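Visitor: I'd like a close look at one part of this structure, the salt bridges around a single arginine. Could you walk me through that part and then show me what else is worth a glance?

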Amino acid sequence: MHALPTLFVSHGAPTFALDPGLAGANLAALGRRLPRPQAVLVVSPHWMTRQPRVTLSPRPETIHDFGGFDPALYTLRYPAAGAHLVARRALELLAAAGLAAAPDADRGLDHGAWVPLMHLYPEADVPVLQVSLPVWLDADGAYQYGRALAPLANAGVLIVGSGSLTHNLYEFRLGDPRAEAYATEFAHWVRDAVLAGDHERLRRALAIAPHARRAHPTAEHYLPLLVAAGAAAQAVPASVIEGGIVHGVLSMDSFLFGADPALGQDATGNTRAAD
């Protein structure tokens, strides 16, 4: 089996579930053209723990871990099955990397998982598990976390780092279509690094990218990008899933690390005729 691509997805505000916009449409299109995964593994900043934890629930609940939004959001459910065998393998891989991971039989899916998956796999017909984001990870640690989980991509698992390409909630303006220039500039800088395959620059982005501190006052929504990049080989091609900027400051761009069937790329990034 060929390795699946890995994916970083910007999950935006919880309202993304009801208002898909450009990002939702493009994630839906991506889900239709990717090889069908055996399961989806999500690392989200909305489940941060002291040590790595992995969900084992056979039918994870939909967690509404937010407040003050449209009441319709709290009626939504994402009834995907869990992925017990993949979870056990993830525990083994983390242990082999020297990380004391533990199973969690009760944890459901936070909105960093189920909101983007509503667009990527709207039928909820692909099993889903989550792996927590340790609170002590730095940029290099997040990248190595992805490296530890990378063998799962060879077993048909779609590894997803779910965060936000920009995430300054102090400046969040619900529904405002005007994009702040700093968010656009930071997002373009990261996009250039992704497309260049410059994973070193990605790991240093919060220290050297323009407006990094303003784009990410805290790091947790950027680190899932490094998990997704780390889970992919550095030499694989990368592509952008356009999302634009919503609520003034949230870049909704996502990145696919690995060949995109729609682009007709082979494993080395060379263009070939699409099947």
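Guide: Here is a tour that starts with the salt bridges and then moves on to a cavity and a surface patch. Keep in mind that this is a predicted model.

Let's start with Arg191, which sits in helix α5. Arg191 is buried, at 17% relative accessible area, and buried here means under 20%. One of its partners is Glu242: the two side chains meet in a salt bridge, 2.9 Å from N to O. Glu242 is in the loop between β9 (238–241) and β10 (245–246), so this pair ties together parts of the chain that are 51 residues apart in sequence. Glu242 itself is partly exposed, because its relative accessibility comes to 36%.

Arg191 also forms a salt bridge with Asp253, and the closest N and O atoms are again 2.9 Å apart. This second pair links distant parts of the chain too, with Arg191 in helix α5 and Asp253 in the loop between β11 (250–251) and β12 (254–257), 62 residues apart. Asp253 is buried, with a relative accessible area of just 4%. So, on the acid side, Arg191 pairs with a partly exposed Glu242 and with a buried Asp253. The general idea is simple: side chains of opposite charge can pair when their charged atoms come close.

While you're on helix α5, which covers residues 181–195, have a look at Val194, which is part of that helix. Val194 is buried, because its relative accessible area is 2%. For a sense of distance, pick Val194 and Ala72: they are 122 residues apart along the chain, and their C-alpha atoms are separated by 36 Å.

Now for the other salt bridges. The structure holds 14 of them, and one joins the side chains of Arg173 and Glu180 at 3.2 Å, N to O. Both ends of that pair are partly exposed, Arg173 at 25% relative accessible area and Glu180 at 24%. Arg173 and Glu180 also belong to a network of salt bridges that takes in Asp176 and Arg178.

Next, the inside. There is one cavity of 30 Å³ or more, and the largest cavity holds about 50 Å³ of space. Three elements each supply at least two residues of its lining: β1 (6–10), α3 (111–120) and β8 (157–163). Helix α3 gives the most, with five residues. If you want to pick out the lining by eye, it includes Leu7 and Val9, then Gly112, Ala113, Pro116, Leu117 and Leu120, and also Val160 and Ser162. Leu27 and Val42 are in the lining as well. By type, the lining residues divide into nine nonpolar, two polar and no charged.

Last stop, the surface. Met48, Val135 and Trp136 make a nonpolar patch of about 280 Å². Met48 is in strand β3, residues 48–49. Met48 counts as partly exposed, because its relative accessible area is 32%.

If you go back to one place, make it Arg191, with its salt bridges to Glu242 and to Asp253.

Terms used:
Residues are numbered from 1 along each chain as its sequence is written. This is a predicted model: local features need pLDDT of at least 70, side-chain atom pairs count only at pLDDT 80 or more; totals for chains, interfaces and linings use all residues. Side-chain values use heavy atoms; hydrogens and water are left out. Patches are made of residues with over 30% relative accessible area and no salt bridge: like charges are joined within 9 Å, nonpolar side chains (Val, Leu, Ile, Met, Phe, Trp, Tyr) within 5 Å. Accessible areas come from the Shrake-Rupley method with a 1.4 Å probe; for residues, only the protein chains shown count as cover. A salt bridge is a side-chain nitrogen of Lys or Arg within 4 Å of a carboxyl oxygen of Asp or Glu. Helices (H or I, at least four residues) and strands (E, at least two) are DSSP runs, numbered from the N terminus. Buried means under 20% relative accessible area, exposed over 50%, partly exposed in between (1.4 Å probe, protein chains only). On a 1 Å grid over the protein atoms alone, a cavity is a set of points where a 1.4 Å probe fits but cannot get out, and a pocket is an open set with protein on both sides within 12 Å along at least five of seven lines; lining residues have an atom within 4 Å of a point. Grid points are joined across faces, edges and corners, and a volume is the space filled by probe spheres set on the points. Ala, Val, Leu, Ile, Met, Phe, Trp, Tyr, Cys and Pro count as nonpolar, Asp, Glu, Lys and Arg as charged, and the others, Gly among them, as polar.
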